[in-house]
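Please open the model in your viewer and keep the selection panel at hand. The stops below are meant to be followed in order.

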Amino acid sequence: MKVEFLGTGGAMAIPRPLCQCDVCKEAREKGLPYSRSGPSVFIHGPNVLIDTPEDSYMQLNRSRISNIDGVFYSHWHPDHVMGRRVLESVNADWINHPAKGTTTDVYLPEQVAIDFKTRLGTAEHLAFFESQKYISLHELTDGEKVSLNGITITPFRLSEDYVYAFLFEGEGKRILIAPDELFGWEPPELGELDLAVLPTGVCEFHPITGERQISADHPVLKEEATLRQTLEIIEKLQVKEVFLTHIEEPDQLSFDDLKQVENILLQNKKISFAFDTLMVDLT
């Protein structure tokens with residue numbers, strides 16, 4: 001299996017429109033790896049796409065992906081679903097009559113399927129795609145596994161129980177993908193993992209200077225894990241290597257800053273910050 005990071009930004013990608021901060025200006029001038037698009041990863045082997053942010057169309061065009069055998073959604077938040085029209089773009093045939101388009105299997109974990117019915121019109125939009133045969137919808141019950149190309153995928157709820165992580169097992173490898181929302185999560189016994197992909201968490205304190213960046217009474221700290229809390233979670237996992245993603249523009253950390261964090265805070269640990277287009281080969 002290989003993990004391709006399509007987008008490593010968060011709800012606020014980098015550069016943020018109209019923003020003239022140093023991080024955003026640098027991202028506009030230099031492009032990759034300083035720029036970061038919306039959160040999404042692709043796992044080669046099972047050929048699974050996780051989430052469709054607004055940037056999905058662009059991400060897939062610049063990727064090394066030639067076939068999608070399954071799409072999984074982690075939760076309903078707009079930065080993870082609002083690029084769903086890409087499912088029409090990759091499958092529709094507007095030339096031939098009768099149409100000769102293709103169909104992509106879309107898997108919705110139990111709570112995701114429930115939330116899609118009341119959030120952002122996602123269920124209605126996906127139902128239309130299914131009526132046009134662009135997609136085939138599969139609603140999963142908690143505990144249900146999916147097998148694609150010899151790889152078993154198990155969605156499971158995190159502490160914020162509207163959001164799911166995914167365990168990929170096969171080819172002698174085990175990968176944990178948790179796209180977002182680690183707040184309050186105590187990892188269960190997952191066994192030894194070859195790779196974990198986790199959200200970075202908000203930077204309550206600047207990871208280099210130690211300066212407080214978010215006031216102690218800010219409501220975000222009651223609903224979002226911090227970087228320090230994410231590192232505590234990693235310590236509880238039996239994992240060989242970790243890549244942190246979902247890096248938010250408000251944290252004001254450039255690609256170079258994050259490299260410095262790796263050298264200072266994360267030295268002697270197999271923890272890295274992912275960047276858009278990064279490919280990690282587990283073979």
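The tour goes from a loop to a strand and its partners, and then to the enclosed spaces.

This is a predicted model, in which local features need pLDDT of at least 70 and side-chain atom pairs count only at pLDDT 80 or more, while totals for chains, interfaces and linings use all residues. Residues are numbered from 1 along each chain as its sequence is written, and side-chain values use heavy atoms, with hydrogens and water left out.

Select Ala13 to begin, which sits in the loop between strand 1 (2-7) and helix 1 (22-30); helices (H or I, at least four residues) and strands (E, at least two) are DSSP runs, numbered from the N terminus. Leaving aside residues up to four places away in sequence, Ala13 touches Arg36, Ser37, Gly38 and Glu249, where contact means heavy atoms within 4.5 Å. Add Glu248 to the selection: Ala13 and Glu248 are 235 residues apart in sequence, yet their C-alpha atoms lie 6.3 Å apart in space.

Next, select strand 12 (residues 242-245), whose two faces are both covered, with Val242 and Leu244 buried on one side and Phe243 and Thr245 buried on the other; buried means under 20% relative accessible area, with a 1.4 Å probe and protein chains only. Now show strand 11 (residues 195-199), which runs parallel to strand 12 and is joined to strand 12 by four bridges, two strands being paired if DSSP finds at least two bridges between them. Within this pairing, Leu198 has Leu244 as its bridge partner in strand 12. The chain passes from strand 11 through helix 7 (residues 227-235) to strand 12 in a right-handed β-α-β crossover, that is, with the strands pointing away from the viewer, the path from the first strand over the helix to the second runs clockwise.

Strand 13 (residues 271-273) is also parallel to strand 12, with three bridges between them, and here Val242 has Ile271 as its bridge partner.

Which residues line the largest cavity? Select Gly7, Pro39, Ser40, Val41, Ile50, Asp51, His80, Ile177, Pro179, Val197 and Thr245 to see its lining. A cavity is a set of points, on a 1 Å grid over the protein atoms alone, where a 1.4 Å probe fits but cannot get out, and lining residues have an atom within 4 Å of a point. The largest cavity has a volume of about 80 Å³, the volume being the space filled by probe spheres set on the points, which are joined across faces, edges and corners.

For the last stop, select the lining of the second largest cavity, which includes Thr200, Ile247, Asp251 and Phe273 and encloses about 30 Å³ of space.

Conventions
Buried means under 20% relative accessible area, exposed over 50%, partly exposed in between (1.4 Å probe, protein chains only). On a 1 Å grid over the protein atoms alone, a cavity is a set of points where a 1.4 Å probe fits but cannot get out, and a pocket is an open set with protein on both sides within 12 Å along at least five of seven lines; lining residues have an atom within 4 Å of a point.
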